[in-house]
Amino acid sequence: MEERSVAEAETEAKAETGAGAGPDVVAGDQGGPVAPGDLGDPSAPVIATRSLTKRYRGGQLAVDGLDLTVPAGSIFGFLGPNGSGKTTTIRMLMGLIEPTSGTARVLGQPMPRSSRAVLPHVGALIEGPALYGFLSGRDNLLRYDAADPTADPRTRRTRVETALDRVGLSAAAGKKARAYSLGMKQRLGLAAALLQPRKLLVLDEPTNGLDPQGMREIRTLVRELASDGTTVFLSSHLLDEIEQVCTHAAVMAQGRLITQGAVADLAAGARGRLVVRTPDTADAARVLKEQGVADVVVEEERVTGEPPEGELADLNAALVVARVRVRGFGVERASLEDAFVALTGEGFDVAG
Ligand SMILES: Nc1ncnc2c1ncn2[C@@H]1O[C@H](COP(=O)(O)OP(=O)(O)OP(=O)(O)O)[C@@H](O)[C@H]1O
């Protein structure tokens, strides 16, 4: 992580978490004041966009007619290959850039118009945390908290220690941030986002660049953060990660929404794979093809294909009649990856 100037980091930090975003009460939709603790119905979607569209000046259509609904209390995975429009969407949701057309509501309020009322309730970690490498982890948080005019200085130390504890950095809090691993820097960024109670956490590729251990730690942390009811919206280009941690997901490709919903439903929408475990793979593949099974693939000691419409037992009987030694036979649950392939006709094969 490069070190940035104090002024630069402060500007970014404010943009990232809403710290220092000014008074909490602003004119709402109907022109009346909106109290910060009462941003809409608690069961209403935390994020809702309608036909949200961004065309950059160069003409690039980065987000195209997006209708996104993020339920309260969900861990929502915003999934898509690099360049599919995830960061652009997040920047519009956070009021950092204006949409070309369409609307975005966060915590029931229109963005970017209500940024000042909404952002204090949103903790965000976008494109890596802005940290001062020459300060310790603890001092980074103290400074960060001090930049928030709504934060009571008398309770600052307690807030910082609680945040450090929540992300598991208490023991390393005295070390300079420049000596932190990437995973520790991400956790410190999360701690900064957690100094105040938040209704929504927005994390842009929180595990990007981390090793498997670091990724596991962040995933565990995300689950913990969500367990008290905080909605977590996280972007990722890793299907696997979304399946492991998210309750809901939206899939983007080339600026467009392909699908969204509960992860279990998305995967259930795709048909599973027929799997035959056998040492006689060539014979098994031949029999499956004869029986009309499509997309037969031979792997080591197993043959897979599309599940047939008809009776599975008949297929098993045909294998037995052909003297194929069957060790295992069944339909494996579809994954989100299967769903993605079924929806787009392409593999989810992305760079990075
Ligand atoms: N400031 C900009 N000006 C012009 N085009 C841009 C700008 N920012 C992004 N784009 C383009 O918009 C498209 C969507 O980019 P975006 O960064 O939102 O995608 P992403 O899904 O977040 O990908 P990544 O994970 O690589 O950041 C890409 O084609 C990108 O090149």
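Among the elements of the protein chain in this predicted model, strand 3 (residues 47-55) has the highest mean pLDDT, at 97, while strand 1 (residues 26-27) has the lowest, at 30. Averaged over the protein chain, pLDDT is 82, and 83% of the residues reach 70 or more. Over residues 1-38, pLDDT stays under 50; for this stretch the model has 67 contacts beyond four places in sequence. Some caution is welcome here, because predicted coordinates should not be read in detail where pLDDT is low. For the complex, the predictor gives an ipTM of 0.95 and a pTM of 0.73.

Turning to the ligand, its surroundings comprise 13 residues. The closest of them are Y56, A62, N82, T87 and T88. Helix 2 (residues 86-93) gives the most to this shell, contributing three residues. By class, the shell around the ligand consists of 10 polar residues, two nonpolar ones and one charged.

The packing of helix 4 can be followed through two partners, helix 6 and helix 5. A pair of packed helices is described by the angle between their axes and the distance between those axes. For helix 4 (residues 137-146) and helix 6 (residues 182-193), the angle is about 30° and the axes are 10 Å apart. With angles under 35 degrees counting as roughly parallel, helix 4 and helix 6 are therefore roughly parallel to each other. The crossing of helix 4 past helix 6 is right-handed. On the helix 4 side, the contact involves G137, N140, L141 and Y144, which meet L188, A191 and A192 of helix 6. Five of the residues in this contact of helix 4 with helix 6 are nonpolar and two are polar, with no charged residue.

Next comes helix 5 (residues 156-166), whose axis comes within 10 Å of that of helix 4 and crosses it at roughly 130°. Helix 4 and helix 5 are therefore oblique to each other. Helix 4 passes helix 5, too, in a right-handed crossing. Helix 4 brings G137, R138, L141, L142, D145 and A146 to this contact, and helix 5 brings R156, R159, V160, A163 and L164. The contact of helix 4 with helix 5 is made up of six nonpolar, four charged and one polar residue. G137 and L141 of helix 4 thus appear in the contact with helix 6 and also in the contact with helix 5.

Methods. Residues numbered from 1 in each chain as written. Predicted model: local features only at pLDDT ≥ 70, side-chain atom pairs only at ≥ 80, totals over all residues. pLDDT = per-residue confidence, 0-100. Helix = DSSP H or I, 4+ residues; strand = E, 2+ residues; numbered from the N terminus. Contact = placed C-beta atoms within 7 Å. Axes fitted to C-alpha atoms, helices over the stretch in contact; angles between N-to-C directions. Parallel < 35°, antiparallel > 145°, perpendicular 65-115°, else oblique. Left-handed = near helix turned anticlockwise from the far one by under 90°. Nonpolar A, V, L, I, M, F, W, Y, C, P; charged D, E, K, R; others polar. Near = placed C-beta within 6 Å.
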